[in-house]
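Morning, everyone. I've got one structure to walk you through today, so have a look at it while I talk.

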Amino acid sequence: MSVAMSLRITSASTASLPLTQRCAYWESYSSDRLVDLKCTPYDPRGLLAEQDNIWSHHLGLSIIRGNSHIIERTPLHIQRTPKDSIFISFDFISAAFFYQGKQCLAVQPHDMVIYRTDNPYLFGFKSNMRQIIIDLPAETMQHIHQIALDQPVLLRATTAPQRLLQRTLAQCCRHF
């Protein structure tokens with residue numbers, strides 16, 4: 001027996017919008033497709049970003065490309081649009097920082113950060129970025145690992161096979 005999975009695919013870009021409307025558009029689109037957040041660009045050209053989303057009932061995949069900016073999910077955003085998910089996020093081209101709870105993580109290209117969306121966080125990209133986000137319901141991750149994920153987790157390749165896996169994943173994702 002075959003079960004048809006309903007996939008939804010959407011895209012957004014700020015490139016054609018006036019400078020003064022880009023952040024509001026990005027925040028609205030992200031709220032509808034990923035999570036409610038605040039975006040602050042740190043580039044004189046304003047926010048230049050693109051986002052492609054593919055999702056079904058239990059899994060989401062987002063591919064985001066942009067210039068230097070910070071996103072923030074505050075307690076107000078969480079209250080306004082609750083989402084009990086785990087994000088597995090990795091960026092293939094830029095250094096970044098991630099702040100959640102009492103942890104501030106220095107993220108290098110190819111690192112993965114695993115974090116909850118129902119806790120406030122700040123994610124800052126220091127230069128042009130290409131990020132992949134895998135969106136899983138929190139209950140799925142708890143069943144897999146039997147953990148609550150109370151703090152963000154940074155995964156960095158330290159062995160040759162891990163670095164090979166990261167490079168291969170990065171090469172595959174460069175085509176998006």
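I'll go from the overall picture to the sheet, then the cores, and finish with a pair of cysteines.

First thing to keep in mind: this is a predicted model. The protein has 176 residues, and 43% of them count as buried. In terms of secondary structure, you're looking at 4 helices and 12 strands. If you take contacts between residues at least 6 apart in sequence, 70% of those join residues at least 24 apart. As for the outside, the protein exposes about 9800 Å², with carbon and sulfur atoms supplying 60% of that.

Okay, the sheet. Here 7 strands come together in an open sheet, and if you walk across, the order is S1-S3-S4-S11-S6-S9-S12, with antiparallel pairing. At the edges you find S1, residues 8–13, and S12, residues 153–155, and each of those pairs on one side only. From one strand to the next, the twist averages 15 degrees.

Let's zoom in on one pair. S3, residues 49–55, and S4, residues 60–66, run antiparallel and are joined by 7 bridges. To get your bearings there, find Ala-49, which stands opposite Gly-66 in S4. Now look for helix H1, residues 22–33: this helix lies across S1, S3 and S4, and runs at about 10 degrees to S3.

On to the cores. The largest nonpolar core has 22 residues, and the ones touching the most other members are Phe-87, Phe-98, Val-113, Tyr-115, Tyr-121 and Phe-123. Elements giving two or more residues to this core include H1, S7, S8 and S9, while S10 gives the most, with 3 residues. Take Phe-98: beyond its neighbours within four places in sequence, its contacts include Cys-104, Leu-105, Val-113, Tyr-121 and Pro-152. There's also a second, separate core of 10 residues, and among its members are Ile-63, Ile-86, Ile-88 and Phe-92.

Last bit: the cysteines. How many disulfides does the count come to? The count is 0. So why is Cys-23 not bonded to Cys-39, its closest cysteine by sulfur? Because the two sulfurs are 4.4 Å apart, which is too far for a bond, given that a disulfide needs the sulfur atoms within 2.5 Å. Cys-39, likewise, is in no disulfide. And are these two buried or exposed? Cys-23 is buried, at a relative accessible area of 19%, and Cys-39 is buried too, at 4%.

That's my tour, thanks.

Note on methods. Residues are numbered from 1 along each chain as its sequence is written. This is a predicted model: local features need pLDDT of at least 70, side-chain atom pairs count only at pLDDT 80 or more; totals for chains, interfaces and linings use all residues. Side-chain values use heavy atoms; hydrogens and water are left out. Two strands pair if DSSP finds at least two bridges between them. Axes are lines fitted to C-alpha atoms, for helices over the stretch in contact, and angles run from 0 to 180 degrees between N-to-C directions. Contact means heavy atoms within 4.5 Å. Buried means under 20% relative accessible area, exposed over 50%, partly exposed in between (1.4 Å probe, protein chains only). Accessible areas come from the Shrake-Rupley method with a 1.4 Å probe; for residues, only the protein chains shown count as cover. A nonpolar core is a set of buried Ala, Val, Leu, Ile, Met, Phe, Trp, Tyr and Cys residues joined through side-chain atoms within 4.5 Å.
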